[in-house]
Amino acid sequence: MTDLYRLAWPVLRRIPPERAADLALWALSRKLVPLPPTRTHSSLRTKVWDLDFPNPLGLAAGCDKDARAVEGFFSMGFGFVEVGTVTPKPQAGNPKPRLFRLEPDGALINRLGFNSIGADVVEERLRRPRAGILGVNLGPNRGSADAVGEIRALARRFRPNADYLVINLSSPNTPGLRDMQAPARLAPLIDSVRGDSQGDRTPIVIKISPDLSPDSRESIAEFAIAKEIDGLIIANTTTKRTALRSRKANETGGLSGRPLFESSTALLGEMYRRTNGRVTLIGVGGVSDGVDAYTKVRAGASLVQLYTGLVYRGPAIVSQILQELENCLAKDGFARIDEAVGADHS
């Protein structure tokens, strides 16, 4: 499988990135993508939010925005899949081109702008039976006059078909969105979403930016504890550019992939310390192998997500990361993955 993807890469890289992504989702949804065999990794099983995850490696939001190929991603071996960001009404997003490969840096830049087929279609697709744990990432429409009301309505719609819900206020590609990460604006949103739950306790997770100031990080950590937030995803894409080699490095948008690994992992560890390990953390940003995933776990992540690495290494990356992660646990004498969570802070 690794060799097959490597052979196909010279062709794939000549296709514009967004077109290539659409083709991959189309093929995966029709079971036209040859997938490596998957196996059970008993040491990687973990329980988070009373949900039994077969392993802690998930597909990050942004890859399958419209829930087109959920079962295909589960077939790759992911322990969970997160779709979205889903908006209430369909919207086209920003003008194309808006997705760029930075191949020398192992990175992507996107300024997609919450392009979404809309909640009606995604909700219908998610009514189908599925093979694993599903998260739905929610966001308001561009220019919304009532972002709180829109997210509240989305949460109500998707609770029956989601194992957890993510409020995405950290994309850099929607004007004004990141301002909603301030606790003063987060509080009424969380209260509104929870107040509409009618007793349902579907976990509510907040995805935060890697570009937060130290004061904002402290405020969000305090808020997460005080409001008993179920989880934080750390972190979304960054607008910062540091030592990139690609000629497309100056494109506007959010940067993901290898350049984000160190900063996102440092933020992950910081938020673990600030919350005293009392809030479930999901680590995402720059994961390309099992050692990266293990580093996130030791920094405080109960779960880890992948996206850009999948673009560059193909479907086989999932089984490779799981095997390498299992090897890392054994090397350090951990019998189960949850024993390693936050180990760097003990």
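**A note on cores and cavity**

1. Let's start with Phe158: leaving aside residues up to four places away in sequence, Phe158 touches Val86, Ala119, Val122, Glu123, Leu126, Val136, Leu138 and Leu165. Please keep in mind that this is a predicted model.

2. Phe158 also belongs to the largest nonpolar core, which has 73 residues. Together with Phe73, Phe78, Val136 and Leu232, Phe158 is among those that touch the most other members. Helix α11 (residues 316-331) gives this core its largest share, seven residues. Another core of 14 residues lies apart from it, with Val48, Leu51, Phe53 and Ala60 among them. As background, nonpolar side chains in soluble globular proteins tend to be buried together.

3. Now to the empty space. The count gives one cavity of 30 Å³ or more, and the space in the largest cavity is about 450 Å³. Its lining has 33 residues, and Ala61, Asn110, Asn236, Thr237 and Tyr307 are the closest to its centre.

4. Which elements give two or more residues to the lining of the largest cavity? They are β4 (80-86), β6 (107-110), β11 (254-257), β13 (303-306) and α10 (308-313). The largest share, three residues, comes from β6. By character, the lining divides into 14 nonpolar, 17 polar and two charged residues.

5. A last word on cysteines: the whole structure has zero disulfides. Cys63 has a relative accessible area of 15% and is therefore buried. Cys328 counts as buried too, because its relative accessibility is 15%, and the cut-off for buried is under 20%.

Notes: Residues numbered from 1 in each chain as written. Predicted model: local features only at pLDDT ≥ 70, side-chain atom pairs only at ≥ 80, totals over all residues. Heavy atoms only, no water. 1 Å grid on protein atoms, 1.4 Å probe; cavity = no way out; pocket = protein on both sides within 12 Å on 5 of 7 lines; lining within 4 Å. Points joined across faces, edges and corners; volume = space filled by probe spheres on them. Helix = DSSP H or I, 4+ residues; strand = E, 2+ residues; numbered from the N terminus. Nonpolar A, V, L, I, M, F, W, Y, C, P; charged D, E, K, R; others polar. Disulfide = S-S within 2.5 Å. Buried < 20%, exposed > 50% of the residue type's maximum accessible area, 1.4 Å probe, protein only. Core = buried A, V, L, I, M, F, W, Y, C linked by side-chain atoms within 4.5 Å. Contact = heavy atoms within 4.5 Å.
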